[in-house]
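Here are my notes on the cavities and the ligand surroundings. They are set out as numbered points.

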Amino acid sequence: MLNRTFPKINERTSLLGLGGMRFPTLENGEVDEAEAIRMIRHAVDSGINYLDTAYTYHGGKSERIFGKAFKDGYREKILLADKLPIWLVKEEADVRRFAEEQLERLETDCIDLYLVHAVNEADWKTTRECNVLPIMEELRAEGKIRYIGFSFHDKYELFEEVIDYYPWDFCQIQLNYMDTKFQAGLAGLEYAASKGIGVVIMEPLKGGRLTDAVPDQVQKIWNEAPVNRPPVEWAFKWLAARPEVTTILSGMSSMEQLDQNIRLFSKEDLPDLTSGELARIERVAEVYRGLIKYGCTECRYCMPCPSGVAIPRLIRFINDWNAYEKNPSLKEEYLTWMDDTELASSCVRCGHCEEHCPQKLPIMDIMGEIVEAFGR
Ligand code: SF4
Ligand code: SF4
């Protein structure tokens, strides 16, 4: 298993980390606990030592599954990352309450890496107003957590602000060869690394969109490569080639996927990327970009929508739906990540947004297309 030294923390960390958000499920939709535990232990036995979960993954079951898997000496072999659900924090006391509950669920005395989960503009405000970081420092002094970090989902400008605000030990960002300018992006990776902090990568395969159903035009470019590699290897290779990347998290949902990834991350040459290979990946990215139907620049001049519709986020969803072969994970994310008022079905066709859109996008019709695609 390839590994790197985690900056600041100064411990060897497997380049592949196991994310606990997409464990296998049974026919009734419940998480398959026995198989998940088997996967966690197999991952650790195979050299993966960075394990990541969160309060909300699998409705709280992910933490409990990790707790069970960590018995019999497994806990001592790994670095355990868990996250404070900052959007549920309403007052200072909540921070400690969540941390204590998470320790209980995980059946451990200490969370090695504790993150403020999914920081965005609103949650960053809460982080400051509820004194989250001083309370985390108290928890650290009590030995309940060891390192303090954050995961991020907002614009690059906010990322810089958050990084500069506090001497973080590490951060976690979304990055893959299609998201170089999305959220923190490549600039965020480089900025965080310039501050000497570890960067954990999430969504390396864009939620499976880069690997599940590959369009013919893309597959043709991969097939023309002198060395035959599956799309998943190209995506991981692109990330592994960046020395600023500390660990790449993947939410694997079957033993087969886990084994495939373990094999990939055991290949010594995974981080080697020639200029020709990089150019090939860029050609693929260009094809995907060409499949983007609506040229929304996310300038937000259309916002706020009087009905609460999250217009630019929704346009990103329908663009991805069209570009990534109607990947079912998009529908699932759309229906679970968004508040009801933010959905396209809340649009009352008032026309306010279209008056302000510099790209002259037919937003009302796009909302109709989204309802047709995702059902709401
Ligand atoms: S047309 Fe729909 S999306 Fe646009 S501002 Fe009105 S309600 Fe919101
Ligand atoms: S104004 Fe138009 S381009 Fe800008 S975010 Fe809204 S829909 Fe997108």
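1. Helix α12 (residues 311-323) supplies the largest share of the lining of the second largest cavity, namely three residues. The model is a predicted one, and the points below should be read as statements about that model.

2. The second largest cavity has a volume of about 90 Å³. Its lining comprises 15 residues, and those nearest its centre are Cys-296, Cys-299, Cys-302, Cys-357 and Leu-361. By class, the lining of this second cavity splits into eleven nonpolar, two polar and two charged residues.

3. What takes up the second largest cavity? The space is that taken by ligand 2. There are 14 residues around ligand 2, and Cys-296, Cys-299, Arg-300, Cys-302 and Cys-357 come nearest. Ten residues of the shell around ligand 2 are nonpolar, two are polar and two are charged. Cysteine is counted as nonpolar in this classification, so the cysteines of the shell fall under the nonpolar heading.

4. How many cavities of 30 Å³ or more are there? The count comes to two. The largest cavity has a volume of about 100 Å³. It is lined by 16 residues, with Cys-305, Ile-311, Cys-347, Cys-350 and Cys-353 closest to its centre.

5. Which helix gives the most to the lining of the largest cavity? That is α15, with three residues. Helices α14 (352-356) and α15 (363-374) each contribute at least two residues to this lining. In terms of class, the lining of the largest cavity consists of twelve nonpolar, three polar and one charged residues.

6. The largest cavity is the space taken by ligand 1. Cavities are found on the protein atoms alone, so the space taken by a ligand can itself be counted as a cavity.

7. The residues around ligand 1 include the cysteines Cys-305, Cys-347, Cys-350 and Cys-353. Pro-306, Ser-307 and Ile-311 also belong to this group, as do Val-348, Arg-349, Gly-351, His-352 and Met-364. The shell around ligand 1 divides into eight nonpolar, three polar and one charged residues.

8. To put the two sites side by side: ligand 1 takes the space of the largest cavity, and ligand 2 that of the second largest. Cys-305, Cys-347, Cys-350 and Cys-353 are among the residues closest to the centre of the largest cavity, while Cys-296, Cys-299, Cys-302 and Cys-357 are among those nearest the centre of the second largest.

Methods: Residues numbered from 1 in each chain as written. Chains lettered and ligands numbered in written order. Predicted model: local features only at pLDDT ≥ 70, side-chain atom pairs only at ≥ 80, totals over all residues. Heavy atoms only, no water. Near = heavy atom within 4 Å. 1 Å grid on protein atoms, 1.4 Å probe; cavity = no way out; pocket = protein on both sides within 12 Å on 5 of 7 lines; lining within 4 Å. Sits in = over half its atoms within 2 Å of the grid points. Points joined across faces, edges and corners; volume = space filled by probe spheres on them. Helix = DSSP H or I, 4+ residues; strand = E, 2+ residues; numbered from the N terminus.
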